[in-house]
Amino acid sequence: MSTKKDEKRAARADKSEKISKFAIKLSELRRERGISQKKAATDLGISQALLSHYEKGIRECGLDFVIRCSEYYGVTTDYLLGVSESRNGLDIDAMNKQEEENGEFSIFTLGKATKYLLDLVATGSDEGALKYVSDYYTLCVYRGAITLAKAGMLPREMFKLDYTLGRELASAALSVEDAKFVFIEDKSRTGSDLGEKTALHSLIEKAEDIIYNTFVLE
């Protein structure tokens, strides 16, 4: 039969374990990002000495700091506290189990995979990536909806555009999104290395500037 002392001892051990897990995750996330302890401390609004104590498990922080760290590193509080191994709160095991039960690829699996990707992006800190994925999926689903409408599975009243025009414009918009993403990946490109600038070179440069600015890159 457990006594109050045993319960207190168990509670202290549990608390110590949670502090230890938080300290390890906190240190790991900072090192993964490749930033100094000084910069992380400044960004998080505390002293470097205090952050050092948190990362070593010497001091216990408050819930507000855990939330701040969660937002700063783009992970859930459960992951920081060692409650879950999923950084974004998604249950990968449950998803895999469902796929195994279904046996083969299904619409349900497609829906789960889509939700997983969107949730993954939503938990990140890159707003540009979130908008890109959101717009891209919206356009893809819209094209799929047009196909179903043409097959008589969705009411015509749901669409303002003609089916053919809507599909063509959606396809064009998807091409723009693809091109925008390529340009975002290629931000380091500076252009031609030609020593002498010719008239043709100037024309090409102007055209590429127009293309680049049309995609409204940030």
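What percentage of the 218 residues in the protein is buried?

1. Burial and surface. Buried residues account for 24% of the 218 residues. The model is predicted, and the figures below should be read as properties of that model. The exposed area of the protein is about 15,400 Å², of which carbon and sulfur atoms supply 56%.

2. Confidence. The protein has a mean pLDDT of 75, with 66% of residues at 70 or more. Confidence is highest in helix α2 (residues 37-44), with a mean of 93, and lowest in helix α6 (residues 92-102), with a mean of 51. For residues 187-194 the pLDDT falls below 50, and this stretch has 5 contacts in the model beyond near neighbours in sequence. Any comment on helix α6 should carry its mean of 51 alongside.

3. Secondary structure and contacts. There are 10 helices and 0 strands in the protein. Along the sequence the pattern reads α-α-α-α-α-α-α-α-α-α. Of the contacts with a separation of 6 or more, 52% are between residues 24 or more positions apart.

4. The Arg 30 pair. The whole structure contains 3 salt bridges. One of them joins Arg 30 and Glu 55, whose closest N and O atoms are 2.7 Å apart. This pair links distant parts of the chain, with Arg 30 in helix α1 (residues 4-33) and Glu 55 in helix α3 (residues 48-56), 25 residues apart. Arg 30 and Glu 55 are both buried. As a general point, side chains of opposite charge can pair when their charged atoms come close.

5. Gln 37 beside that pair. Gln 37 belongs to helix α2. Its relative accessible area is 17%, so Gln 37 counts as buried, the cut-off being under 20%. The side chain of Gln 37 makes a polar contact of 2.9 Å with the side chain of Glu 55. Leaving out residues up to four places away in sequence, Gln 37 touches Arg 30, Gln 48, Leu 51, Ser 52 and Glu 55. Both partners of the salt bridge in point 4, Arg 30 and Glu 55, are therefore among the residues that Gln 37 touches, and Glu 55 also takes part in the polar contact.

6. The Lys 39 pair. Within helix α2, Lys 39 and Asp 43 lie 4 residues apart, about one turn of the helix. They form a salt bridge, with 3.1 Å between the closest N and O atoms. Lys 39 has a relative accessible area of 43% and is partly exposed. Asp 43 is also partly exposed, at 38% relative accessibility. Arg 30 and Glu 55, by contrast, are both buried.

7. The Asp 64 pair. A salt bridge brings together the side chains of Asp 64 and Arg 68, at 3.6 Å from N to O. Both residues sit in helix α4 (residues 63-73), 4 residues apart, about one turn of the helix. Arg 68 is partly exposed, its relative accessible area being 30%.

8. A nonpolar surface patch. Leu 161, Leu 165 and Leu 169 form a nonpolar patch on the surface, and together they have about 240 Å² of accessible area. Leu 169 lies in helix α9 (residues 163-185). With a relative accessible area of 45%, Leu 169 is partly exposed. Because a patch takes in residues with over 30% relative accessible area, the 45% of Leu 169 meets that requirement.

Notes: Residues numbered from 1 in each chain as written. Predicted model: local features only at pLDDT ≥ 70, side-chain atom pairs only at ≥ 80, totals over all residues. Heavy atoms only, no water. pLDDT = per-residue confidence, 0-100. Helix = DSSP H or I, 4+ residues; strand = E, 2+ residues; numbered from the N terminus. Contact = heavy atoms within 4.5 Å. Buried < 20%, exposed > 50% of the residue type's maximum accessible area, 1.4 Å probe, protein only. Areas by Shrake-Rupley, 256 points an atom, 1.4 Å probe, with all protein chains shown as cover. Salt bridge = Lys/Arg side-chain N within 4 Å of Asp/Glu carboxyl O. Patch = residues over 30% accessible without salt bridge, like charges linked within 9 Å, V, L, I, M, F, W, Y side chains within 5 Å. Polar contact = N/O pair within 3.5 Å; in protein donor to acceptor, adjacent residues only side chain to side chain.
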